[in-house]
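The following exercises ask the reader to work from a set of coordinates towards a description of packing and exposure. Each task is followed by a solution in steps.

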Amino acid sequence: MTIPGLRRLALSYLHDVTMAATAFLLALYLRLGAELLIWPQDVVLNGLAIFTIVAAAVFLWMRLHRIIWRYASIGDLGRIVQAAVLTVVLFVACQFVYNRLTDFPRSFLLIEIIVLTGLLAGPRFLYRFLK
């Protein structure tokens with residue numbers, strides 16, 4: 001693989017992981033609203049760190065960074081949804097081990113799947129339609 005090809009893969013992976021962290025905060029804000037600002041910071045930061053690490057591992061394992069944005073398809077959307085669901089399921093498992101799921105509301109998890117799917121698929125399909 002060429003240097004520009006590797007750079008493109010690295011940027012795609014970095015984009016996906018960044019979107020996962022953004023989706024965590026956005027989903028939590030959508031669920032809690034302004035109450036998020038008074039939540040304990042360590043709870044939010046620990047959850048963010050665990051979610052981002054889980055997402056990075058799942059995205060690498062599912063090779064989401066290999067999806068060529070110019071040719072994104074419905075099949076790729078299915079892989080993105082699978083990755084989002086698997087990320088949330090593994091996050092729930094990690095949170096259960098860490099603190100018995102006491103820190104986050106349950107509805108946040110469903111919101112997280114929707115937001116993460118949108119933030120991962122949206123830019124890919126926008127890029128496809130613009131090219």
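Four exercises on this predicted model follow.

**Exercise 1. Determine whether Ala20 is buried or exposed, and identify the residues distant in sequence that it contacts.**

Solution.
- Step 1: Ala20 belongs to helix 1, which comprises residues 3-32.
- Step 2: The relative accessible area of Ala20 is 0%. Because buried means under 20%, Ala20 is classed as buried.
- Step 3: With neighbours within four places in sequence set aside, the contacts of Ala20 are Phe51, Ala55, Phe59, Glu112 and Leu116.
- Step 4: For one of these pairs, Ala20 and Phe51, the separation along the chain is 31 residues, while their C-alpha atoms lie 7.7 Å apart.

**Exercise 2. Describe helix 4 by its span, its kink and its packing partners.**

Solution.
- Step 1: Helix 4 runs over residues 107-130, a total of 24 residues. From first to last C-alpha it reaches 34 Å, close to the expected 34 Å at 1.5 Å a residue.
- Step 2: The axis has a kink of about 30° at Ala121, shortly before the proline Pro123.
- Step 3: Ala121 is itself one of the buried residues of helix 4. The others are Phe108, Leu109, Glu112, Val115, Leu116, Thr117, Leu120, Arg124 and Phe125.
- Step 4: These buried residues pack against helix 1, helix 2 (41-62) and helix 3 (74-99). Glu112 and Leu116, both on the buried list, are among the contacts of Ala20.

**Exercise 3. Trace the contacts that link Ile50 and Gln95 to other parts of the chain.**

Solution.
- Step 1: Ile50 is located in helix 2, and Gln95 in helix 3.
- Step 2: Beyond four places in sequence, Ile50 contacts Phe91, Cys94, Gln95 and Tyr98.
- Step 3: The C-alpha atoms of Ile50 and Val92 are 9.9 Å apart, with their positions 42 residues apart along the chain.
- Step 4: Under the same exclusion of sequence neighbours, Gln95 contacts Gly47, Ile50, Arg100, Leu101 and Phe104.
- Step 5: Gln95 has a relative accessible area of 2% and is therefore buried.

**Exercise 4. Establish which residues make the nonpolar surface patch, and whether Leu30 is buried or exposed.**

Solution.
- Step 1: The patch is made by Leu26, Tyr29 and Leu30 and covers about 300 Å².
- Step 2: Leu30 lies in helix 1, the helix that also holds Ala20.
- Step 3: Leu30 has a relative accessible area of 52%. Since exposed means over 50%, Leu30 is classed as exposed, whereas Ala20 is buried.

Notes:
Residues are numbered from 1 along each chain as its sequence is written. This is a predicted model: local features need pLDDT of at least 70, side-chain atom pairs count only at pLDDT 80 or more; totals for chains, interfaces and linings use all residues. Side-chain values use heavy atoms; hydrogens and water are left out. Helices (H or I, at least four residues) and strands (E, at least two) are DSSP runs, numbered from the N terminus. Buried means under 20% relative accessible area, exposed over 50%, partly exposed in between (1.4 Å probe, protein chains only). Contact means heavy atoms within 4.5 Å. The expected span of a helix is 1.5 Å times one less than its number of residues. The bend at a residue is the angle between axes fitted to the seven residues ending there and the seven starting there. Patches are made of residues with over 30% relative accessible area and no salt bridge: like charges are joined within 9 Å, nonpolar side chains (Val, Leu, Ile, Met, Phe, Trp, Tyr) within 5 Å. Accessible areas come from the Shrake-Rupley method with a 1.4 Å probe; for residues, only the protein chains shown count as cover. A salt bridge is a side-chain nitrogen of Lys or Arg within 4 Å of a carboxyl oxygen of Asp or Glu.
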